[in-house]
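Biologist: I am new to this structure and should be grateful for a close look at a single part of it. Please set that part in its surroundings as you go.

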Amino acid sequence: MTDNTSSIPPAPVPARPGESAATPDVSTSQRAKPARGKRTGGTLITAFIIVVILAGALGAGLWAQRKQFMSSGREVAARLDQLTRDLTQSRNDTREALALAQAQAGKVAELETRVREAQSQAQTLQQALQNLNDGTSDEMLANDIERLVTIASQQLRLAGNVGNAIVALETAQGRLARADRPRFASLQQSLNGDLDRLRAVPTVDIPGQSARIERLVALVNRAPLLVPDAAAPNGTTDTPAAARVPVPAASAPALPADAVWWERWRAEITSWPGRAGSALAHELGDLISVQRADAPAALLLSPEQAEQVRSTLRQRLLTVQLSMLMRQSTVWKSELETVADTLSRYFDGRAADTQAALTLARDLAQTDIAVRVPDVADSLNNIAALRAAGFKTDDGQD
């Protein structure tokens with residue numbers, strides 16, 4: 001750095017009064033030179049200090065920047081290492097997933113192969129079944145249909161079971177539909193007609209009637225007999241007031257209101273025997289009852305015989321239930337009439353349970369369980385006509 005002040009000439013010192021202006025002052029110029037040199041040295045030192053401070057600051061900044069750069073480099077290197085490890089793990093997972101997918105694809109392919117084989121076998125079996133059905137002779141088909149129709153006829157005639165007959169005819173109908181033989185078209189129509197008639201048959205409410213029979217059994221077990229037994233130990237019910245023997249009650253003679261005391265005492269003493277007799281008759285009146293018995297032998301039953309009567313009624317009601325299931329209306333009505341007659345003869349008709357049992361037995365006897373079921377004669381006649389016309393076998397011979 002150059003000092004511009006050294007090249008500037010010193011300003012002329014004004015002349016003092018009385019001195020010549022042309023003659024300079026030598027001592028003054030000599031004093032001015034050291035001052036200028038000292039000022040130039042201080043400026044250089046200041047500049048040098050500033051330069052050193054700037055260089056130190058610049059070096060410190062560069063050092064801090066270098067440390068920051070190295071720290072960032074290490075962090076970036078650590079992140080790169082982590083990314084490299086993650087990438088390696090992802091590649092390994094991808095390889096495992098790819099291997100698993102390939103294994104699954106192999107299994108799926110194997111399963112598809114097995115499914116195609118199973119479908120092929122099913123088609124083969126279906127074709128074989130179709131060929132078997134097509135190759136079955138008309139006579140064998142007629143035998144199967146006749147067997148099913150015969151079962152339906154037996155169910156109708158022997159048991160009166162319309163449901164089982166319908167099931168048998170529906171099976172025969174499905175057999176003909178699968179065979180698809182034009183020769184059996186008339187038999188198919190006969191089966192359809194028989195099925196329509198059977199489905200239109202009214203049915204008996206067996207659960208409802210069974211519940212009524214069970215209720216009648218419970219009433220028979222509770223109803224009292226004319227004689228006491230284990231089921232009804234109290235015997236007959238209370239005798240109505242109208243049936244009891246009337247006993248006249250004694251009363252004291254009427255006295256005037258102004259009667260003297262001894263007359264009142266005499267009347268009171270006189271009425272004592274009558275009042276005692278009335279009280280005794282009232283206490284013993286419950287021991288005597290009047291009732292009507294149509295069968296005098298019913299009053300002579302022992303407890304064992306009374307229990308036998310109840311057991312017999314229960315057995316008859318069991319027979320009633322079986323006759324309902326077998327559609328035997330004659331047995332149904334006969335047994336119920338016998339039950340009603342036994343109830344009216346041996347049981348106390350004034351008891352509520354006896355009256356309810358009698359009413360229920362008579363109502364059940366009036367119920368008609370005889371369901372008139374049609375037959376399957378049309379189908380049987382059609383099969384007989386087909387047999388009379390003859391069947392063609394597989395080789396074309398009759």
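Which residues is I145 in contact with, leaving aside its neighbours within four places in sequence?

Modeller: The model is a predicted one, and I145 is best approached from the whole. The protein contains 10 helices and zero strands, so that its elements, read from the N terminus, run α-α-α-α-α-α-α-α-α-α. Of its 398 residues, 22% count as buried. Among contacts with a separation of 6 or more, 74% join residues 24 or more positions apart.

I145 itself sits in helix α2, which spans residues 138–159. With a relative accessibility of 0%, I145 is classed as buried, because buried means under 20%. To answer the question directly, once neighbours within four places in sequence are set aside, I145 is in contact with A172, R175, L176, L187, L191 and I383. A further relation concerns A168: its C-alpha atom is 9.5 Å from that of I145, and the two residues are 23 apart along the chain.

Several of these partners lead to the pair formed by helix α3 (residues 162–179) and helix α4 (residues 185–199). The two helices pack at an angle of about 155°, and their axes are 10 Å apart. An angle over 145 degrees counts as roughly antiparallel, and α3 and α4 are therefore described in that way. Their crossing is left-handed. On the α3 side, the contact is made by V162, A165, I166, L169, E170, A172, Q173, L176 and A177. On the α4 side, L187, Q188, L191, N192, D194, L195, L198 and R199 take part. A172 and L176 of α3, together with L187 and L191 of α4, thus appear in this contact, and these four residues also touch I145.

The loop between α3 and α4 holds D180. This residue has a positive phi of about 55°, although it is not a glycine. D180 is exposed, since its relative accessible area of 62% is over 50%.

A second pair of helices, α7 and α8, may be described in the same terms. α7 covers residues 303–325 and α8 covers residues 329–346. They pack at an angle of about 160°, with axes 9 Å apart. That angle makes α7 roughly antiparallel to α8, and the crossing of α7 past α8 is left-handed. From α7, the residues V309, L313, R316, L317, T319, V320, S323 and M324 meet V331, W332, E335, L336, T338, V339, T342 and L343 of α8.

The largest nonpolar core has 28 residues, of which L216, L317, W332, L336, L343, F347 and L364 touch the most other members. Two or more residues of this core come from each of α5 (206–222), α7, α8 and α9. A second, separate core has 24 residues, including L169, L187, L195 and V201. L187 in that second core is also one of the contacts of I145.

W332 in the largest core touches Q209, I213, V320, S323, M324, L364, A365, T367 and I369, not counting residues up to four places away in sequence. Among these, T367 lies in the loop between α9 (352–366) and α10 (377–389). The side chain of T367 reaches the backbone oxygen of D363 at 3.2 Å. Apart from neighbours within four places in sequence, T367 is in contact with Q209, R212 and W332.

How values were computed. Residues numbered from 1 in each chain as written. Predicted model: local features only at pLDDT ≥ 70, side-chain atom pairs only at ≥ 80, totals over all residues. Heavy atoms only, no water. Helix = DSSP H or I, 4+ residues; strand = E, 2+ residues; numbered from the N terminus. Polar contact = N/O pair within 3.5 Å; in protein donor to acceptor, adjacent residues only side chain to side chain. Contact = heavy atoms within 4.5 Å. Core = buried A, V, L, I, M, F, W, Y, C linked by side-chain atoms within 4.5 Å. Buried < 20%, exposed > 50% of the residue type's maximum accessible area, 1.4 Å probe, protein only. Axes fitted to C-alpha atoms, helices over the stretch in contact; angles between N-to-C directions. Parallel < 35°, antiparallel > 145°, perpendicular 65-115°, else oblique. Left-handed = near helix turned anticlockwise from the far one by under 90°.
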